[in-house]
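Subject: Structure for your review

Dear colleague,

Please find below the structure that I am handing over to you. I would be grateful if you could read the notes beneath it with the model open.

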Amino acid sequence: MSLFDHKHIIYKLYLISLILILMLFSSCRKPNSEAEALGSFDISANDKQIVFSYFKHGVSSIYVVDSDGSNLKMLIGSKDSDNYYNPKYSPDGKQLVFVKNKKGSVNSSLCLSNADGSNLQYITDDKQIVTEA
């Protein structure tokens, strides 16, 4: 292994530890109407961005942030009846795959979008249970 590989591994571990700390703080108990939680996340292949789902006020949306913590933005915003979660980058980093489900239903759909959240497409219908992208 080269020195670059070691630095790359250490950097990824650093990012994961930061996310785990955020998850720990977001799991603090609040009344159900105010519950917030950091969902699953993925790191882009170039290590420059982190995509994650965030649950707040009964809905889950998908966000992206630069790995240094700057430029937080919502990519896929939940509507009152829809939740989006478990985002994953495609190997080339150009697209995202994630799960959508309607509030109150156990059924869900697998979705695909560009990495910037545009061009949302449904890969499956919502007549099945999909839990991971």
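The notes below go from the overall make-up to the sheets, the cores and two single residues.

Please bear in mind that this is a predicted model.

Overall make-up

The protein has one helix and eight strands. Read from the N terminus, the order of elements is α-β-β-β-β-β-β-β-β. Of its 133 residues, 33% are buried. The exposed surface comes to about 8200 Å², and carbon and sulfur atoms supply 59% of that area. Among contacts with a separation of 6 or more, 26% are between residues 24 or more positions apart.

The sheet E1-E2-E3-E4

One open sheet consists of four strands in the order E1-E2-E3-E4, with antiparallel pairing. Strand E1 (36–43) and E4 are the edge strands, and each pairs on one side only. Direction ignored, neighbouring strands of this sheet are turned by 35 degrees against each other on average. Strand E2 (residues 49–56) runs antiparallel to E3 and is joined to E3 by eight bridges. Within that pair, Gln-49 stands opposite Asp-66.

The sheet E5-E6-E7-E8

Four strands also form an open sheet in the order E5-E6-E7-E8, and the pairing is again antiparallel. E5 and strand E8 (121–122) stand at the edges with a single partner strand each, so one side of each has no neighbour in the sheet. Six bridges join E5 to E6, and one pair of bridge partners is Tyr-85 and Val-99 in E6. These two strands form a hairpin with five residues between them, and Gly-93 in the turn has a positive phi of about 75 degrees. At the other end of the strand order, two bridges join strand E7 (residues 108–114) to E8, where Cys-111 stands opposite Tyr-122.

The nonpolar cores

In soluble globular proteins, nonpolar side chains tend to be buried together. Here the largest nonpolar core has 10 residues: Val-51, Ile-62, Val-64, Leu-75, Ile-76, Tyr-84, Tyr-89, Leu-96, Phe-98 and Cys-111. Strand E3 (59–66), strand E4 (73–76), E5 and strand E6 (95–102) each supply at least two residues of this core. Another core, of six residues, lies apart from it, and includes Leu-38, Ile-43, Ile-50 and Val-65.

Pro-87 in strand E5

How much of E5 is buried? Six of the eight residues in this strand are buried, and E5 is thus mostly covered. Pro-87 lies in E5, which spans residues 82–89. Pro-87 counts as buried because its relative accessible area is 0%, where the cut-off is under 20%. Leaving out residues up to four places away in sequence, Pro-87 touches Ser-40, Phe-41, Asp-42, Val-51, Phe-52, Ser-53, Ile-62, Val-97 and Phe-98. Val-51 is 36 residues from Pro-87 along the chain, yet their C-alpha atoms are separated by 6.7 Å.

Ser-113 in strand E7

Ser-113 lies in strand E7. Is this serine buried or exposed? Ser-113 counts as buried because its relative accessibility is 1%. With residues up to four places away in sequence not counted, Ser-113 touches Ile-76, Gln-95, Leu-96, Phe-98, Ser-118, Asn-119 and Leu-120. Phe-98 is thus a contact of Ser-113 as well as of Pro-87, and Phe-98 belongs to the largest nonpolar core.

With kind regards

Definitions and conventions. Residues are numbered from 1 along each chain as its sequence is written. This is a predicted model: local features need pLDDT of at least 70, side-chain atom pairs count only at pLDDT 80 or more; totals for chains, interfaces and linings use all residues. Side-chain values use heavy atoms; hydrogens and water are left out. Buried means under 20% relative accessible area, exposed over 50%, partly exposed in between (1.4 Å probe, protein chains only). Contact means heavy atoms within 4.5 Å. A nonpolar core is a set of buried Ala, Val, Leu, Ile, Met, Phe, Trp, Tyr and Cys residues joined through side-chain atoms within 4.5 Å. Two strands pair if DSSP finds at least two bridges between them. Axes are lines fitted to C-alpha atoms, for helices over the stretch in contact, and angles run from 0 to 180 degrees between N-to-C directions. Accessible areas come from the Shrake-Rupley method with a 1.4 Å probe; for residues, only the protein chains shown count as cover.
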